[in-house]
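Hi,

Here is the structure I promised to pass on. Have a look at it first, and my notes follow underneath.

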Amino acid sequence: MKLQYRKAKQARDMLAISPTTNRVLNVLMVVLCLLTLAPFYVIIIASVTSEAALIENGYRLWPEEFSLNAYTYLFRPGSIILTAYVNTIISTVAGTILTVVMVALYAYPLSRRRFRFSGFFTFYAFFTMLFGGGLVAYYMVMRQILQIQNTMWALFLPSAFSPFWVFVMRTYYKTQIPEEIIESARIDGASEWRTLTQIVMPLSVPGLATVALFSAIGIWNNFFNVLLLIDKVELYNLQYTIYSTLNNIRFLLENASQMQGVVSLAELPTQTFRMAMAVVTIGPIVLAYPFFQRYFIRGLTIGAIKG
């Protein structure tokens, strides 16, 4: 026993980090975090700087001349930014919930050894990862079969399922959910639905949170579905609205000589407007990370069992 204890202690000592190394690593992590946040800070400062000061002095760590003209122009009366924001939030929330539900329900039976059709449905999902129908088939299915064009469904339904996340969750179920827990619930008389909703799902919070996070990011940043399926301005999402606005500004700048007197190009923000749109676009999705991080930390020990 003493020999085993001595060997275990030596192994721990070999893996231990000295106080000096620990301080150096902490300082290094702080520096790396600051370097990561620095570009975002510069973007925020540039967005609240006047256009003339930004062009004359370039990017600074503090505004040479404070101005909110970019945000005023972005949220001016008649702008569809607010409508696009609402559309994006609704589609992101609805699409994320739909993705989590479908992926969880599809992956769970594939992880059970007793499911006789597991091989068929696994190959069916894997086949769609290798081969796609192409853009024409995608367009015809969405417009002629599902008929979701010019509806809110077009913003999130085509992106609400991913075979990749099915395999991720299937692996998570197999490796992180002990088979003994499911067998115990079955012996106690729990149905498959009750086992899934009251036992498996609470233990799968980290995996489901990961799927939800990346699904929300994908739907939030998606503008291809709007480009392909939406013709009504009131259904535009935030990304496509910003894309259209940037194109309009570029058109005005390229045709400035023909439009003198029609629009005041001197008051039109360009660089600061781009920075403001970057802040508006990535701000909410960045704030979502701490919310999901709480579930990641909570899920580290929720699946532990004694034994």
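A quick word on terms before the loop: a residue counts as buried under 20% relative accessible area, as exposed over 50%, and as partly exposed in between. Please also keep in mind that this is a predicted model.

With that in hand, take Asn150. Its relative accessible area is 21%, so Asn150 falls in the partly exposed class. What caught my eye is the backbone: Asn150 is not a glycine, yet its phi is positive, at about 60°. You'll find Asn150 in the loop between helix 7 and helix 8.

Gln147 also belongs to the loop between helix 7 (134-145) and helix 8 (163-176). Here too phi is positive, about 55°, in a residue that is not a glycine. Is Gln147 buried or exposed? Gln147 is exposed, with a relative accessible area of 53%.

Now on to a helix pair. Helix 10 covers residues 192-203 and helix 11 covers residues 205-221; they pack with their axes 5 Å apart, at an angle of about 70°. Angles of 65 to 115 degrees count as roughly perpendicular, so that is how helix 10 and helix 11 sit relative to each other. Which residues make the contact? On the helix 10 side they are Met201, Pro202 and Leu203, and on the helix 11 side Val205, Pro206 and Leu208. By residue class, the contact of helix 10 with helix 11 has 6 nonpolar residues, no polar ones and no charged ones.

That's what I have for now. Shout if anything is unclear.

Cheers

Note on methods:
Residues are numbered from 1 along each chain as its sequence is written. This is a predicted model: local features need pLDDT of at least 70, side-chain atom pairs count only at pLDDT 80 or more; totals for chains, interfaces and linings use all residues. Side-chain values use heavy atoms; hydrogens and water are left out. Axes are lines fitted to C-alpha atoms, for helices over the stretch in contact, and angles run from 0 to 180 degrees between N-to-C directions. Helices (H or I, at least four residues) and strands (E, at least two) are DSSP runs, numbered from the N terminus. Angles under 35 degrees count as roughly parallel, over 145 as roughly antiparallel, 65 to 115 as roughly perpendicular and the rest as oblique. Contact means heavy atoms within 4.5 Å. Ala, Val, Leu, Ile, Met, Phe, Trp, Tyr, Cys and Pro count as nonpolar, Asp, Glu, Lys and Arg as charged, and the others, Gly among them, as polar. Buried means under 20% relative accessible area, exposed over 50%, partly exposed in between (1.4 Å probe, protein chains only).
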